Amino acid sequence: MTKVINVHEAKAHLSEILERVRRGEEIILGKYGKPYARLIPVQRERVPLGFLNIRVPESFFEPLPEEELKAWEGSP
């Protein structure tokens, strides 16, 4: 069973408690021995950006040809 750490003790040792949580330990915070909150490590997930599985070619980052650039800028 996880020990309940009172708020006063948690304030005094917050860095140590966070390090324990980072290593995977679950910590229960409480007041007067009564559990109030549970600290657990953050699960780092890789979230895909966008919804298409495509790669942008390097040519995408090359400057536009002068003619196309003028068309985008509204020049004749």
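## Exposure and the model

A residue is called exposed when its relative accessible area is over 50%, buried when that area is under 20%, and partly exposed in between. R38, with a relative accessible area of 53%, is therefore exposed. The structure described here is a predicted model, and residues are numbered from 1 along the chain as its sequence is written.

## The sheet

Three strands form an open sheet in the order β1-β2-β3, and the pairing is mixed. The edges are taken by β1 (4-6) and β3 (34-39); each has a single partner strand, so one side of each has no neighbour in the sheet. From one strand to the next, the twist averages 40 degrees.

Strands of a sheet pair through backbone hydrogen bonds, in either a parallel or an antiparallel arrangement. Here β1 and β2 (residues 27-31) run parallel and are joined by three bridges. Within this pairing, V4 stands opposite I28 in β2, and N6 stands opposite G30 in β2. The other pairing, between β2 and β3, is antiparallel and has five bridges. I28 also has a position facing it in β3, where it stands opposite R38. I28 can thus be located from both sides: V4 stands opposite I28, and so does R38 in β3.

The hairpin of β2 and β3 has two residues between the strands, and in this hairpin Y32 takes a positive phi near 55 degrees.

## Helix α2 and the nonpolar core

Helix α2 covers residues 14-22, E19 among them. The helix lies across β1, β2 and β3, and runs at about 145 degrees to β2.

The largest nonpolar core has five residues in all: I5, A10, I17, V21 and I27. Members of such a core are buried, which means that each of them has a relative accessible area under 20%. One of the five, A10, is in contact with I5, I17 and L29 when its neighbours within four places in sequence are left aside. I5 and I17 are also listed in the core.

## Salt bridges

Side chains of opposite charge can pair when their charged atoms come close. How many salt bridges does a search of the whole structure find? The search finds three.

One of them joins E19 to R22, with the closest N and O atoms 2.6 Å apart. The two residues are three residues apart in helix α2, so about one helical turn separates them. E19 is partly exposed, at 29% relative accessibility, whereas R22 is exposed, with a relative accessible area of 59%.

Another salt bridge is made by the side chains of E25 and R20, at 2.6 Å from N to O. Both ends fall in the partly exposed range: E25 has a relative accessible area of 33%, and R20 is at 29%.

The side chains of E26 and R38 also meet in a salt bridge, at 3.5 Å from N to O. Which parts of the chain does this pair tie together? E26 lies in the loop between α2 and β2, while R38 lies in strand β3, so the pair links parts that are 12 residues apart in sequence. E26 is partly exposed, with a relative accessible area of 31%, and R38 is exposed, at 53%. R38 is also the residue in β3 that I28 stands opposite.

## The aromatic pair

The structure holds one aromatic pair. Its members are F60 and F61, whose ring centres are 5.2 Å apart and whose planes are at 90 degrees. Planes over 60 degrees apart count as edge-to-face, so this pair is edge-to-face.

Are F60 and F61 buried or exposed? F60 is exposed, with a relative accessible area of 58%, and F61 is exposed too, with a relative accessible area of 60%.

## A separation along the chain

E19, already met in helix α2, can be set beside P57. The two residues are 38 residues apart in sequence, and their C-alpha atoms are 42 Å apart in space.

Terms used:
Predicted model: local features only at pLDDT ≥ 70, side-chain atom pairs only at ≥ 80, totals over all residues. Heavy atoms only, no water. Phe/Tyr/Trp six-rings, centres within 6.5 Å; stacked < 30°, edge-to-face > 60°. Buried < 20%, exposed > 50% of the residue type's maximum accessible area, 1.4 Å probe, protein only. Helix = DSSP H or I, 4+ residues; strand = E, 2+ residues; numbered from the N terminus. Pairing = 2+ DSSP bridges. Axes fitted to C-alpha atoms, helices over the stretch in contact; angles between N-to-C directions. Contact = heavy atoms within 4.5 Å. Salt bridge = Lys/Arg side-chain N within 4 Å of Asp/Glu carboxyl O. Core = buried A, V, L, I, M, F, W, Y, C linked by side-chain atoms within 4.5 Å.
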